[in-house]
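Biologist: Please take a close look at one part of this model for me, the largest cavity, and then carry on to whatever helps a beginner to read the rest. Which element gives the largest share of the lining of the largest cavity?

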Amino acid sequence: MIITQTPFRMSFFGGGTDFKEFYHTHGGCVLSTTIDKYCYVNVRRLPRFFEYATEVVYSKIERVSSRDDIRHPAVREAMKYVGLSDLRVSYEADLPARTGLGTSSSFAVGLLSAFYALQGQYASKNKLADEAIYLERVLCGESGGEQDQIAASFGGLNRIDFAPDGYKVNPVIITPDRKKRLNDNLMLFFTGFSRNSFTIQKETIAHISDNTARLLEMKQLVDAAEAILTEEGDLDDFGRLLDHAWQLKRGTNTGISNDTIDRLYALAKNAGALGGKLLGAGGGGFLLFYVTKQAQPAVKKALKELLYVPFEFEKTGTSVLYFAPETAPDATR
């Protein structure tokens, strides 16, 4: 049996520039962190005592005689890619899926990590990130960028640069005290509704050429945000920069925001938030705000209809919590 733990990510700046359709021409970069909210993948060999050969447990329960019959695309394609069958795979998480925290990519990373560990094989963070990108974007044919898989694999507060020949993960050099103050000034709220990001991502990709100027400016904001964090300037400027980036992002796709999100964002700003954003592709999920300590009670009151979710930064990335590899069955079903 294998149990993996993989963090969810919180993207601050540069989202959209991690699409290959953009960075292959212009380069790309993002600033993001992982947080102490995780998904857990449990994988073990399924003894051949049942009518079914594989069981997959998530929001649904699938019991199938062949891995080709699995409906969950990531599980099906990952099993075929790694060459596994006759498994019991279960998933659970600290936060709901489709909420802008890169949950599907964290699952993909944790799933691949568990599959390799089950076979007694070591998989590096680079390998897991690369193969999770391949799994989601190629094998499953899902639209989107490439920052989530990398963030979930490596963990930490990082700047990730994208180029046609690959990516680089560079930790943001910041004092522990300043990092804690940044964490303490960030507030996370759940809007209460989720969305399928792939539809929004497809539209974003279709209009990348129309949004080149905006995306180039969003890319430049990564430099500005990193400078705020590392050069000991006014940390509150990070919040003001988030507000500017959110206004840019809203203009790239009509599906990113809506009247409800705009109303909630305005309530937080009027109560004292310096800036914020809707995490992920847009349309729903989690709202993140930068709020000084003295203004936080007022923001909580203004957003009392939403669930407030405290969090801490984390730096480990994906990890194997329990390791007990097993012998493969004699034949593939």
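Modeller: Helices (DSSP runs of H or I, at least four residues) and strands (DSSP runs of E, at least two) are numbered from the N terminus. This is a predicted model, in which local features need pLDDT of at least 70 and side-chain atom pairs count only at pLDDT 80 or more, while totals for chains, interfaces and linings use all residues. Residues are numbered from 1 along each chain as its sequence is written, and side-chain values use heavy atoms, with hydrogens and water left out.

The largest share of the lining you ask about, four residues, comes from α9. Together with α9, both β1 and β9 (275-278) supply at least two residues each to this lining. Going through the lining residue by residue, you will find F12, F13, G14 and G15, then M218, followed by L242, A245, W246 and K249, and finally G276 and K277. The space in this largest cavity comes to about 80 Å³ (a volume is the space filled by probe spheres set on grid points joined across faces, edges and corners). A cavity is a set of points on a 1 Å grid over the protein atoms alone where a 1.4 Å probe fits but cannot get out, whereas a pocket is an open set with protein on both sides within 12 Å along at least five of seven lines, and lining residues have an atom within 4 Å of a point. By this rule, one cavity of 30 Å³ or more is counted.

From the cavity we can turn to an open space, the second largest pocket, whose volume is about 250 Å³. It is lined by 17 residues, of which K20, Y23, I133, R137 and E146 are the closest to its centre. Two or more residues of this pocket lining come from each of α1, α4 (125-139), β6 (158-163) and β7 (166-171), and α4 gives the largest share, five residues.

Helix α9, which you have met in the cavity lining, also takes part in a charged pair. R250 forms a salt bridge (a side-chain nitrogen of Lys or Arg within 4 Å of a carboxyl oxygen of Asp or Glu) with D262, and their closest N and O atoms are 3.0 Å apart. Because R250 lies in helix α9 (residues 236-250) and D262 in helix α10 (residues 259-271), this pair ties together parts that are 12 residues apart in sequence. R250 is partly exposed (buried means under 20% relative accessible area, exposed over 50% and partly exposed in between, with a 1.4 Å probe and protein chains only), at 31%. Its partner D262 is likewise partly exposed, at 27%.

The structure holds 18 salt bridges, and two of them share E55. One joins E55 to R63, with the closest N and O atoms 2.6 Å apart, and the other joins E55 to R88, where that distance is given as 2.6 Å. The pair of E55 and R88 links distant parts of the chain, 33 residues apart, since E55 sits in strand β3 (residues 54-57) and R88 in strand β5 (residues 87-93). E55 is buried, with a relative accessible area of 5%, whereas R63 is exposed at 51% and R88 is partly exposed at 24%. Elsewhere, salt bridges link D68, R76, E77 and K80 in a network.
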